[in-house]
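Hi,

Here is the model we talked about handing over. Have a look, and my notes follow below.

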Amino acid sequence: AGRMPTSREKTLLNLFKNAFTIALVVFGTMLALAQIGVNIAPLLAGAGVVGLAIGFGAQKLVQDIITGIFIQFENIMNEGDVVAVGNWSGVVEKLTIRSVTIRDLSGTVHLIPFSSVDQVSNMMRGFSYHVAEINVAYDSDIVVVKAAMREAFERLMQTEHKDEILDDLDMQGITAFGDSAITVRARIKTLPGKQWGAGRRYNELVKDVFAEQSIEIPYPHVTYVPAGGSTKAPP
């Protein structure tokens, strides 16, 4: 009916296509040899011995394939997902039975064999959150700060991101006391993969609202002390 295949369907299609191609080449070669009169029984026996030797000598390859099979069964990632695999994170560009190819934010492509993967984090399943942790000065009125963050969220709901947001602002309040700032946290629930764009726009709006209401966002101040002179703050 012209329906576009899902990411899961694309991933499985590529895997089945590769497996079918390999099987077709192997069986086609065997049949062709049998048709021209070559006795393929010794070849099959030899292939079994060679396969056993390869299995002992290429343990990493076997581990890649076994881990890849279980990853596919558990459906933890598909092509097009944004994931963190090992020390790398980015968009899954290619997924085979033994490795995953990821393109990171800088455009660099990483090929990661599954034998080196002990954890996979998928950032595009079901829904996502933008976690806004805003630092404010200790003398700030927290009630006013929360109201300003809600005002920024209301302005966000008037932008092109409104259709990507699934729920009201989840205001969690103070989460930390730093050396020079208090951290106030809020969360925005979005469609999977939309948290980054909505979050960047929300941060811009928070800065605008804070500037309008004179809410201070602390930053380090540097004081220069000349040798033998008095303390002077920079202009």
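Among contacts in the chain between residues at least 6 apart in sequence, what percentage join residues at least 24 apart? It comes to 60%, where contact means heavy atoms within 4.5 Å.

Before you read on, this is a predicted model, so to speak of local features we need pLDDT of at least 70, side-chain atom pairs count only at pLDDT 80 or more, and totals for chains, interfaces and linings use all residues. Residues are numbered from 1 along each chain as its sequence is written, and side-chain values use heavy atoms, with hydrogens and water left out.

**Overall layout**

The chain has five helices and eight strands, and along the sequence they come as α-α-α-β-β-β-β-β-β-α-β-β-α. Helices (H or I, at least four residues) and strands (E, at least two) are DSSP runs, numbered from the N terminus. Of the 235 residues, 29% are buried; buried means under 20% relative accessible area, exposed over 50%, and partly exposed in between (1.4 Å probe, protein chains only). The accessible surface is about 15,200 Å², with 60% of that belonging to carbon and sulfur atoms (Shrake-Rupley method, 1.4 Å probe; for residues, only the protein chains shown count as cover).

**The five-stranded sheet**

One open sheet has five strands in the order β4-β3-β2-β1-β5, with antiparallel pairing (two strands pair if DSSP finds at least two bridges between them). β4 (109-113) and β5 (120-122) are the edge strands, each with a single partner, so one side of each has no neighbour in the sheet. The twist averages 40° from one strand to the next; axes here are lines fitted to C-alpha atoms, for helices over the stretch in contact, and angles run from 0 to 180 degrees between N-to-C directions.

Within this sheet, β2 and β3 run antiparallel and are joined by four bridges, and Val92 has Ile102 in β3 as its bridge partner. There is also a salt bridge between the side chains of Arg103 and Glu93 (2.5 Å, N to O); the rule is a side-chain nitrogen of Lys or Arg within 4 Å of a carboxyl oxygen of Asp or Glu. That pair links Arg103 in strand β3 with Glu93 in strand β2, ten residues apart. Arg103 is partly exposed at 33% relative accessibility, and Glu93 is partly exposed too, at 38%.

The loop between β2 (88-95) and β3 (99-103) holds Ile97, which is partly exposed at 32%. Ile97 belongs to a nonpolar surface patch of about 690 Å², together with Leu61, Val62, Ile65, Ile66, Ile69, Phe70 and Phe73. Patches are made of residues with over 30% relative accessible area and no salt bridge, with like charges joined within 9 Å and nonpolar side chains (Val, Leu, Ile, Met, Phe, Trp, Tyr) within 5 Å.

**The three-stranded sheet and its helices**

The other open sheet runs β6-β8-β7, again antiparallel. Here β6 (128-136) and β7 (170-177) are at the edges with one partner strand each, so each has a side without a neighbour in the sheet. Nine bridges join β6 to β8, with Ile134 partnered by Val184 in β8. Six bridges join β7 to β8 (residues 182-190), and Phe177 is partnered by Ile182.

Helix α4 (residues 142-156) lies across β6, β7 and β8, at about 25° to β8. Helix α5 (residues 195-212) also packs on the sheet, touching β6 and β8, and its direction makes about 25° with that of β6. On β6, the covered face is Ser128, His130, Ala132, Ile134 and Val136, while Tyr129, Val131, Glu133 and Asn135 make up the uncovered one.

**Salt bridges and the segment after α5**

The chain has eight salt bridges. One joins the side chains of Arg155 and Glu212 (2.8 Å, N to O), linking helix α4 to helix α5 across 57 residues of sequence. Arg155 is partly exposed at 25%, whereas Glu212 is exposed at 53%.

Ser214 sits in the segment after α5 and has a positive phi of about 55° although it is not a glycine. Pro218 lies in that segment as well, and touches Asn135, Val136, Ala137, Ser180 and Ala181, leaving aside residues up to four places away in sequence.

Cheers
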